[in-house]
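The following exercises are intended to be worked with the sequence and the coordinates at hand. Each task is followed by a solution in steps.

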Amino acid sequence: MQVTNDFKIKQLINLNKVPEDLQEELQVEAKEQINQVIQRLKRWPLDSSPALYLNVHNTDNLNQWEAHIILTLPSEIISVQGRSWEGPLHSLKEAFGDLLGQLNRYITEKRQSKNQLRKGVDKKGKKNIGSRLDQAVHDKEKNTFIFLLKPYLDGLRKIASREIRNLEIQEHLQIATVSIEDLINETLLIAWRDYRQRPKDTHLDQWLVQILFQIIKKIASKEKKFVPLSEALKPNQIKDFSYEPNFDSDQWWWSKIETTEGILVEDLLPGEEAPESLRYIEQKEENNRLMETLSLLSKDERQILSLFALDGYDIAEIVKITNMPIKKIKDTIERAKNKIRELLTNRY
């Protein structure tokens, strides 16, 4: 098995009192299993190199073998062991099987916690934002209103990026004719226009996603022309802010938005191992294949599964966004997951 990039893992292998005729076989198996670990870790960006220690030895009962593995990660240490009466190779395989299972859980938890940033990191920026938006609308300060929505733009950008890509794959939209900026501009302007009519029981971020989906629906049915946000705003000072955007730029907020991450299969199917067809390819190619797979779902299946699995919205929030019953949301998520599994198995 060949590792497809320069990802490195520090490793120390100790075969304590293993018979010489078994050492080569154990070394080959250990290398194969460590490559499996590398392939898992490549699917999650780490800020420091992990290290793996493997020790295979006899226990006090000389007929029993034990393999002990310690894997150190940036925020966790995973320690496992395997025991077998059938020889050192069996104990090694058992230990690595346990390690890979725990590693999958670790990666899934990391991806899920990253999705929860929408609810956590921006709390300070979103606190009391409703009253400030009300005041901006009352004062007819469109610039201030748009600027106050800045904490929500990262999440909107992720969704807009996926939706545009889906329309392009399905050939409802010519490539590069509509940009992410276009969609967010339109969403912000509609939010300004309709703010007083928004549903009071729907959170602001959920309402913004509703608007975005409405725009996507119109684009899918016919080509829509967009007005740059800078043309809709006046270059006057924003009230109560020390930072004043440069309205000479069409997208004064663009530099404040993070780059959208690619999708991994673990995002759509948490806790499940990536199929063989995806396990050894680069993340960019995996993202492309998953986007193509998502495009084969129905609109409701794609949007609901993406909101749930990729954007961190819970069932109750998706009910608010889509105005669908809870049971239909749950059934749609399960049906979409089953289709993803089937398509990934049969398509690649």
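**Exercise 1. An aromatic cluster**

Are Phe-145 and Trp-192 buried or exposed? Determine also how their rings are arranged, and which further rings join them.

Solution. The model is a predicted one.

Step 1. Phe-145 and Trp-192 are both buried.

Step 2. A search over the whole structure gives three aromatic pairs. In one of them, the ring centres of Phe-145 and Trp-192 are 5.3 Å apart and the planes stand at 65 degrees, so the pair is edge-to-face; planes over 60 degrees apart count as such.

Step 3. Phe-145 belongs to helix H6 (residues 142-148) and Trp-192 to helix H8 (residues 180-194), so that the pair links distant parts of the chain, 47 residues apart.

Step 4. Tyr-195 and Trp-207 make up an edge-to-face pair as well, with 6.2 Å from centre to centre and 65 degrees between the planes. Because Tyr-195 is in the loop between H8 and helix H9 (204-221) and Trp-207 is in helix H9, this pair ties together parts that are 12 residues apart in sequence. Tyr-195 and Trp-207 are both buried.

Step 5. Ring pairs join Phe-145, Trp-192, Tyr-195 and Trp-207 into a cluster.

**Exercise 2. The nonpolar cores**

Identify the residues with the most contacts inside the largest nonpolar core, and describe the surroundings of one of them.

Solution.

Step 1. The largest nonpolar core comprises 62 residues, and those with the most contacts inside it are Phe-145, Leu-149, Leu-183, Leu-204, Leu-268 and Leu-305. Helix H9 gives the most to this core, namely 10 residues.

Step 2. Take Leu-268 as the example. Setting aside neighbours within four places in sequence, Leu-268 is in contact with Ile-263, Leu-290, Leu-294, Leu-305, Ala-309, Leu-310, Lys-337 and Ile-340.

Step 3. Another core lies apart from the largest one; it has 28 residues, including Leu-41, Leu-54, Val-80 and Leu-100.

**Exercise 3. Four residues and their burial**

Assign Ile-263, Ile-107, His-57 and Glu-168 to their places in the fold, and classify their burial with a threshold of under 20% relative accessible area.

Solution.

Step 1. Ile-263 is located in the loop between helix H10 (229-232) and helix H11 (265-268). Its relative accessible area is 5%, so Ile-263 is buried. Beyond four places in sequence, the contacts of Ile-263 include Arg-162, Leu-268, Glu-286 and Leu-310. The C-alpha atoms of Ile-263 and Arg-289 are 9.5 Å apart, with these positions 26 residues apart in sequence numbering.

Step 2. Ile-107 is part of helix H2 (residues 88-115). With a relative accessibility of 2%, Ile-107 is therefore buried. A C-alpha separation of 8.1 Å relates Ile-107 to Arg-40, which is 67 residues apart from it along the chain.

Step 3. His-57 is in strand E2 (residues 51-58). Its relative accessible area of 16% falls under the threshold, so His-57 is buried. The side chains of His-57 and Asn-55 form a polar contact at 3.2 Å. Residues up to four places away aside, His-57 touches Asn-16, Gln-64, Trp-65 and Glu-66.

Step 4. Glu-168 occurs in helix H7 (residues 153-169). At a relative accessible area of 15%, Glu-168 is likewise buried. With residues up to four places away left out, Glu-168 touches Leu-173, Gln-174, Ile-175 and Ala-176.

**Exercise 4. The chain as a whole, and its confidence**

Summarise the protein chain, then state where confidence is lowest and where it is highest.

Solution.

Step 1. The protein chain contains 16 helices and four strands. Of its 348 residues, 47% are buried. The accessible surface amounts to about 18,400 Å², and carbon and sulfur atoms hold 47% of that area.

Step 2. Among contacts with a separation of 6 or more, 67% are between residues 24 or more positions apart.

Step 3. The average pLDDT of the protein chain is 81, and 79% of the residues score at least 70. Confidence is lowest in helix H4 (residues 123-126), with a mean of 51, and highest in helix H14 (residues 299-309), with 94.

Step 4. Over residues 1-5 pLDDT stays under 50, and the model has 16 contacts beyond four places in sequence for them. Residues 121-125 also stay under 50, with three such contacts. Where pLDDT is low, predicted coordinates should not be read in detail.

Conventions
Residues are numbered from 1 along each chain as its sequence is written. This is a predicted model: local features need pLDDT of at least 70, side-chain atom pairs count only at pLDDT 80 or more; totals for chains, interfaces and linings use all residues. Side-chain values use heavy atoms; hydrogens and water are left out. Helices (H or I, at least four residues) and strands (E, at least two) are DSSP runs, numbered from the N terminus. Buried means under 20% relative accessible area, exposed over 50%, partly exposed in between (1.4 Å probe, protein chains only). A polar contact is a pair of N or O atoms within 3.5 Å; within protein, one must be able to donate a hydrogen and the other to accept it, and residues adjacent in sequence count only if both atoms are side-chain atoms. Contact means heavy atoms within 4.5 Å. Accessible areas come from the Shrake-Rupley method with a 1.4 Å probe; for residues, only the protein chains shown count as cover. Rings of Phe, Tyr and Trp (its six-membered ring) pair if their centres lie within 6.5 Å; planes under 30 degrees apart count as stacked, over 60 as edge-to-face and the rest as tilted. pLDDT is the predictor's confidence in each residue, from 0 to 100. A nonpolar core is a set of buried Ala, Val, Leu, Ile, Met, Phe, Trp, Tyr and Cys residues joined through side-chain atoms within 4.5 Å.
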